[in-house]
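Trainee: I am new to this structure. Please take a close look with me at one matter, the pairing of charged side chains, and tell me where the partners sit.

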Amino acid sequence: MKRSTAFRCLKILLPFSLFCGGCHTLKVSQSKPEPLPHIAPFQHPVKIALVLGGGGSKGLAHLGVLHELEQAGIYPDIIIGCSSGGIIGALYADNPSIAHLESFLIGLKKSDLIDVSLFAPRYGIVKGASLRNFLEEKLTAREFKELKIPLIVVATDLKTGELVELGGGEIIPALIASAALPGIFRPVKYLGRYLVDGGVANPIPVDVAKKHQAQVVIAVDVGEDLDAEDPSHFFGVVKRGVTISYRKLSEYVARGADVVIHMQFQSLGSFSDVFNRQIYDHGRKKTKEALPSIEKIIKQRLSLPKAVSHHLE
């Protein structure tokens, strides 16, 4: 095993070993859920739904996707987001300006979002204050109804395993729950539920867009592909197994989309800030490649305004 790889693995596993011993049980089974906030009806028909999948720092590819769609005159009527896709989606729905988002997202540091501490709560090594502070600073809207574009984010109910749709009430708790990667972030207690990352149940929630009768569904898959390097140790086998499971689940849940923009990432990890520009540029590149298919399906299914129709010709 390479020393750098072993060190990274130990950095991840050491906190878990510290907190697992002597911990009291998270009483998931005793939680009494309250009704979720009402999701306001959307203006029908919903023409274009954009589904932004989870992927940690690789979610910056979504920014590149939005850039190219905006350049092509294609705007979503609704955004469905999971984890980092929910965060990028919320920022865009709050202020639909790519130039504005690029001004602070491309140079984002992991320390802006991740505050690791050995003294963090026992069910996660990230305290979560940095993410909350970031969202409070960058979001103008505080409730879903204040967003300029309708948004739904998804989380996973830790008790039932069900996918939970959050599209009403406060935005920030919903975004934190949607991005609460198990073992990293503490589960979020929300209205009597313990919620974790939506990607646990459905990393690319195309079915949510379908449920809301979207006529065209564009999905973005920012999950990692399998590493070309063969596993050489225990941690490598575990990582590859998890990657296979996530990849197969992503492919399965995205199959109902009209167009899937699939990124080709390998060995980037979930919390890196070294390749922000490359990830963003890759998102633009893959969207440009997908635009002919997107434009074709839009022409087939939608009656667009003349200005947009002319742009697509």
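Mentor: Helices here are DSSP runs of H or I with at least four residues, strands are runs of E with at least two, and both are numbered from the N terminus. The model is predicted, so local features need pLDDT of at least 70 and side-chain atom pairs count only at pLDDT 80 or more, while totals for chains, interfaces and linings use all residues. Residue numbers start from 1 along each chain as its sequence is written, and side-chain values use heavy atoms, with hydrogens and water left out.

The chain contains ten helices and ten strands. It has 313 residues, and 51% of them count as buried (under 20% relative accessible area; exposed is over 50%, partly exposed in between, with a 1.4 Å probe and protein chains only). Contacts, meaning heavy atoms within 4.5 Å, often span the sequence: of those with a separation of 6 or more, 77% join residues 24 or more positions apart.

Now the pairing itself. Side chains of opposite charge can pair when their charged atoms come close. The structure holds ten salt bridges, each a side-chain nitrogen of Lys or Arg within 4 Å of a carboxyl oxygen of Asp or Glu.

Start with the pair D258 and R301, whose side chains form a salt bridge at 2.7 Å, N to O. D258 lies in the loop between α8 (234-253) and β10 (259-262) and R301 belongs to helix α9 (residues 276-301), so this bridge ties together parts that are 43 residues apart in sequence. D258 has a relative accessible area of 23%, which makes it partly exposed. R301, at 41%, is partly exposed too.

Helix α9 also has bridges within itself. R277 and D281 are both in α9, four residues apart, or about one turn of the helix. Their side chains meet at 3.8 Å, N to O, in a salt bridge. The relative accessible area is 42% for R277, which is partly exposed, and 35% for D281, also partly exposed.

Further along α9 come K285 and E289, again four residues apart and about one turn of the helix. The N to O distance in their salt bridge is 2.9 Å. E289 is partly exposed at 45%, and K285 is partly exposed at 46%. This pair does not stand alone: K286 joins K285 and E289 in a network of salt bridges.

For contrast, turn to a charged residue without a partner. D197 is in strand β8 (residues 193-197). D197 is buried but has no salt bridge, and the nearest side chain of opposite charge, that of K58, is 10 Å away. In that search Lys and Arg count as positive and Asp and Glu as negative, with His and the chain ends not counted.

What is D197 in contact with, leaving aside its neighbours within four places in sequence? The residues are C82, S83, A155, T156, A177, S178, A179, A180, L181 and P182. Two of these, A177 and S178, are among the buried residues of helix α6. That helix covers residues 171-178, and eight of its eight residues are buried. The others in α6 are I171, I172, P173, A174, L175 and I176.

To sum up, R277, D281, K285 and E289 lie in α9 and pair there, R301 of the same helix reaches D258 in a loop, and D197 is buried without a salt bridge.
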